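Open the model in your viewer and keep the selection panel at hand. The stops below say what to select and what is there.

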Amino acid sequence: MPAVTVYLGLGSNLGDRRAFIEAAVAALSARGVLRDHHLSRLHETDAVTNDPGDPGDPGDPGDPGDPQPRYLNAVVRGETTLAAETLLAVCLEIETSLGRVRPAGRIHAPRTVDIDLLLYGDAVFDTPVLTVPHPAMLARAFVLVPLAEVAAPGLVHPLTGAALTAAS
């Protein structure tokens, strides 16, 4: 399979947040999943605890929106030869290996690390396992700001055509 440019969103709000993000990127690189990668700066943001505006979160009734520690967020751009669903599976394995726990009914639970597949080339698809582009990315500054830092020139959202690069 030819190489595809992918963008992954990274976040952590438990433990040594910086170390978890760095470990996730190192694991992606060590497994040969992500080549020629570029990591944005780390950005500290408030946690999203209950976001009915998130297309992936229908009100999240099991998540009362408890206060959480602040997040560090980043975006990494790289090249992969993996299919999108295979890439997602590797990201989930890395999350688990770094201590990520997914409590039932808590979409926005605190986490050691979160790895979201934001963009997979200019592909658009919605399967039971994966939606690309990430459905909430345009509504989240904690994704858009670091994404713009590492975006290839001329990068646009595959559905809306919105520019995803920093203003020059």
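How many aromatic pairs does a search of the whole structure find? The search finds one. Keep in mind throughout that this is a predicted model.

**Stop 1: the aromatic pair**

Select Y120 and F125. Their ring centres lie 6.5 Å apart. The ring planes meet at 75°, so the pair is edge-to-face. Now colour by accessibility. Y120 has a relative accessible area of 7%, so it is buried. F125 stands at 24% relative accessibility, so it counts as partly exposed. The cut-off for buried is under 20% relative accessible area.

**Stop 2: the whole chain**

Zoom out and switch to cartoon. The protein has three helices and seven strands. Trace the chain from its start: the pattern reads β-α-β-β-β-α-β-β-β-α. Of the 168 residues, 42% count as buried. Next, display contacts between residues at least 6 apart in sequence. Of these, 73% join residues at least 24 apart.

**Stop 3: strand β4 and its partners**

Select β4, residues 71-80. Is this strand mostly covered or mostly uncovered? β4 is mostly covered, with nine of its ten residues buried.

Add β1, residues 4-12. β1 and β4 run antiparallel and are joined by nine bridges. To find one end of β1 in this pairing, pick S12; its bridge partner in β4 is L72.

Which strand pairs with β4 over three bridges and spans residues 35-39? That is β2, and the pairing is antiparallel. Pick L39 here: its bridge partner in β4 is V76.

Then add β3, residues 43-45. β3 also pairs with β4 in the antiparallel sense, over three bridges. Pick H43 and look across to N73, its bridge partner in β4.

While the strands are on screen, turn on side chains. In a regular strand the side chains alternate between the two faces of the sheet.

**Stop 4: V25 on helix α1**

Select helix α1, residues 17-30, and find V25 in it. Is V25 buried or exposed? At 6% relative accessibility, V25 counts as buried.

What does V25 touch, leaving aside its neighbours within four places in sequence? V25 is in contact with L10, H37 and L39. L39 is the residue already seen bridging to V76 of β4. L10 falls within β1, residues 4-12.

Now draw a distance from V25 to H38, C-alpha to C-alpha. The separation is 9.8 Å, and the two residues are 13 apart along the chain.

**Stop 5: the largest pocket**

Show the pocket surface. The largest pocket has a volume of about 930 Å³. Of the 41 residues that line it, the closest to its centre are R111, D114, D116, H134 and R140. Select those five and centre the view on them.

Which elements supply at least two residues each to the lining? They are β1, β4, α2 (84-97), β5 (114-120) and α3 (141-150). β5 gives the most to the lining, with five residues.

Finally, colour the lining by residue class. It divides into 22 nonpolar, nine polar and ten charged residues.

Leave β5 selected for a last look. The strand spans residues 114-120, and Y120, from the edge-to-face pair with F125, falls within that range.

Definitions and conventions: Residues are numbered from 1 along each chain as its sequence is written. This is a predicted model: local features need pLDDT of at least 70, side-chain atom pairs count only at pLDDT 80 or more; totals for chains, interfaces and linings use all residues. Side-chain values use heavy atoms; hydrogens and water are left out. On a 1 Å grid over the protein atoms alone, a cavity is a set of points where a 1.4 Å probe fits but cannot get out, and a pocket is an open set with protein on both sides within 12 Å along at least five of seven lines; lining residues have an atom within 4 Å of a point. Grid points are joined across faces, edges and corners, and a volume is the space filled by probe spheres set on the points. Helices (H or I, at least four residues) and strands (E, at least two) are DSSP runs, numbered from the N terminus. Ala, Val, Leu, Ile, Met, Phe, Trp, Tyr, Cys and Pro count as nonpolar, Asp, Glu, Lys and Arg as charged, and the others, Gly among them, as polar. Buried means under 20% relative accessible area, exposed over 50%, partly exposed in between (1.4 Å probe, protein chains only). Two strands pair if DSSP finds at least two bridges between them. Rings of Phe, Tyr and Trp (its six-membered ring) pair if their centres lie within 6.5 Å; planes under 30 degrees apart count as stacked, over 60 as edge-to-face and the rest as tilted. Contact means heavy atoms within 4.5 Å.
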